[in-house]
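Colleague: Could we go through this model together? I should like to start with one residue and then turn to the helices.

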Amino acid sequence: MVKILAVILLVLMLVIGRDRGLQSFLTILMNIAILAGVLFAIALGFSPLIVGTAAGLLLTVLILFYQNGYHLKTKVAFGVIVAVQVVMLLIGMVLCVWGHAGGYSEVKINLDDGLFLDGNVNLSMMQVEITVILLSLLGAVKDAAVAVTSAVYEVHRNNPDLEQIQLFASGLKIGREILATSINTLFFSCVGESLLLFHIICYWGYSFGYILNSKALYQVFLYSGIAGLGCIAAIPLSAMAMATVLKRKGRV
């Protein structure tokens with residue numbers, strides 16, 4: 001079934017996107033290969049945080065420069081994405097440590113499957129959690145940064161006399177338009193991934209207060225919360241960086 005769906009996806013991307021569609025499909029395959037390499041490296045005993053950081057950087061380079069091309073817009077977006085990822089990674093590390101977010105939650109560990117888990121795993125679950133946050137953050141930040149830098153570039157090309165503050169304001173205005181959509185996408189992604197968890201909660205009759213203070217709920221919203229913060233931070237940073245670079249270099 002997976003092969004059939006992959007073939008259907010490839011055909012549709014070729015029909016609609018043609019060369020760009022094929023390039024996007026190859027990018028997806030390379031992304032899958034990188035993520036598979038992350039899993040194998042962690043299984044072999046490498047540090048999840050180091051492997052995840054390297055994979056995040058490699059995925060960023062691949063998606064930006066291979067799929068979208070090597071030009072001013074993607075170069076500025078790359079700098080913004082790296083800066084946001086570093087800051088959000090530090091925030092995620094603090095929230096994970098303070099909230100004890102690593103490992104299985106108290107809800108999942110009490111299931112029948114938890115009886116078959118080996119507790120003697122030579123692996124830092126806190127690093128795994130931080131790595132998941134880092135990789136989850138990548139998509140939202142990339143979309144916001146590329147959208148804003150591309151928009152500011154086009155505004156400048158069509159209105160080269162605009163001042164830097166005007167370009168920045170244009171980028172913010174465009175960023176506000178995409179922000180609501182991006183946040184809603186993250187929210188529904190979070191809800192969709194957690195439907196089984198919510199079913200388990202309802203089935204076993206956990207109290208509202210118990211769930212509100214549980215690690216399970218904290219883990220669910222931690223990924224989307226960090227990604228949302230990264231997306232919000234990427235918009236003004238992208239607008240400011242692109243406007244500054246364009247006016248300094250006099251690009252058209």
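Colleague: In which helix is Leu137 found?

Modeller: Leu137 is found in helix H6, residues 125–158. Helices here are DSSP runs of H or I with at least four residues, strands are runs of E with at least two, and both are numbered from the N terminus. Please note that this is a predicted model, in which local features need pLDDT of at least 70, side-chain atom pairs count only at pLDDT 80 or more, and totals for chains, interfaces and linings use all residues. Residues are numbered from 1 along each chain as its sequence is written, and side-chain values use heavy atoms, with hydrogens and water left out.

Colleague: Is Leu137 buried or exposed?

Modeller: Leu137 has a relative accessible area of 1%, so it counts as buried (under 20% relative accessible area, with over 50% being exposed and the range in between partly exposed, using a 1.4 Å probe and protein chains only).

Colleague: Which residues does Leu137 touch, leaving out those up to four places away in sequence?

Modeller: Leu137 touches Gln85, Met88, Ile226, Ala227 and Gly230, where contact means heavy atoms within 4.5 Å. The C-alpha atom of Leu137 is also 8.1 Å from that of Gly228, although the two residues are 91 residues apart along the chain.

Colleague: What about the whole protein: how many helices and strands are there?

Modeller: The protein has 10 helices and 0 strands. Of its 252 residues, 37% are buried. Among contacts between residues at least 6 apart in sequence, 82% join residues at least 24 apart.

Colleague: At what angle do H3 and H4 pack?

Modeller: H3 and helix H4 (residues 72–99) pack at about 160°, and their axes are 10 Å apart. The axes are lines fitted to C-alpha atoms over the stretch in contact, and angles run from 0 to 180 degrees between N-to-C directions. H3 is therefore roughly antiparallel to H4 (over 145 degrees; under 35 is roughly parallel, 65 to 115 roughly perpendicular and the rest oblique).

Colleague: Which residues make that contact?

Modeller: From H3 they include Leu57, Val61 and Phe65, and from H4 they include Phe78, Ile81 and Leu89.

Colleague: And H2 with H3, at what angle do they pack?

Modeller: Helix H2 (residues 19–43) and helix H3 (residues 48–67) pack at about 170°, with axes 10 Å apart. H2 is therefore roughly antiparallel to H3.

Colleague: Where is there a positive phi?

Modeller: Arg18, just after H1, takes a positive phi of about 55°.
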